[in-house]
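Trainee: I am new to this structure. Could you take me through one part of it slowly?

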Amino acid sequence: MIYKSNLSVLEIAGDSAVLTIENGKKNLLTNPEFIEKDVLEGALAENPQVTSLIITGAGRHFSHGADVSLFNLPADSPEYNAHSEKLRKSKELLLYIENLPIITVAAINGGCFGGGLEIALSCQFRFCSKTAFLGLPEINHGVIPGMNGIERLTKAIGKSKAISMILSGEIISASDAKKLKLVKSVSDKKNCMDDVVNFINVLKKDKTALQIQNIIRLANRASNGMPIDLDDVSFDEVLSQKRRKEEF
């Protein structure tokens, strides 16, 4: 099943979904809401069996981020106001992705800059090819990351490293990203998709959708600083499902 929206194509097959950014050679985010949240939310609601989502870019690159010409729009122009609203929607989209109760992995090939890295940071895991380069270089264009990339990079690699990387506008290699624990793994290939699929298959093997979704949902709660719910019935639900299967 295929869903198209804005700059992306979402393909669902069985319990797996792949969201591919498609916009020219660099997959520029001419619209920061690279897929409409309603489209993604609706597609996943129609396919409750989905337990994993891969986000990647078509061709050589993940995404080089925003079209920098957007940074030069006059503050009182209709185009600026429209872009500001699109940026707000992109933040809502990434927050939705970050809190999905399924496995989410960014498969990063080539350049992953600015908004591209901010998208990747919304995923639980990041894999990259050996030729990947990553960074938040917005400072070089007189702005700062606008899709909550500062907060997410800080959570991923620590406060001092994140501040240094963002203020310097540094673009780092795949191997340096691995050292910083920004990415989980670096593929020896130019395309890391096979490694990502294998990783997800290992995580999902012999687990039910209910197990996966409850584990990730509760981990999300903890990550967001929410208190432990003493009345949560996740264990009872999973146990009941297990018993029903054993009866047949």
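Mentor: Happily; here is a walk along one strand and its two partners.

This is a predicted model, in which local features need pLDDT of at least 70 and side-chain atom pairs count only at pLDDT 80 or more, while totals for chains, interfaces and linings use all residues. Residues are numbered from 1 along each chain as its sequence is written, and side-chain values use heavy atoms, with hydrogens and water left out.

Our part is strand 5, residues 103-108. Strands here are DSSP runs of E with at least two residues, numbered from the N terminus. Six of the six residues in strand 5 are buried, where buried means under 20% relative accessible area with a 1.4 Å probe, protein chains only. In a regular strand the side chains alternate between the two faces of the sheet. In strand 5 both faces are covered: I103, V105 and A107 are buried on one side, and T104, A106 and I108 are buried on the other.

Now for the partners. Two strands count as paired if DSSP finds at least two bridges between them. Strand 4 (residues 52-57) runs parallel to strand 5, and five bridges join them. Among the residues involved, T56 has A107 of strand 5 as its bridge partner. Strand 5 also pairs with strand 7 (residues 125-129), again in the parallel sense, over four bridges. Here A106 has R126 in strand 7 as its bridge partner.

So keep two neighbouring residues in view: A107, the partner of T56, and A106, the partner of R126. Both A107 and A106 are buried, on opposite sides of strand 5.

Conventions:
Buried < 20%, exposed > 50% of the residue type's maximum accessible area, 1.4 Å probe, protein only.
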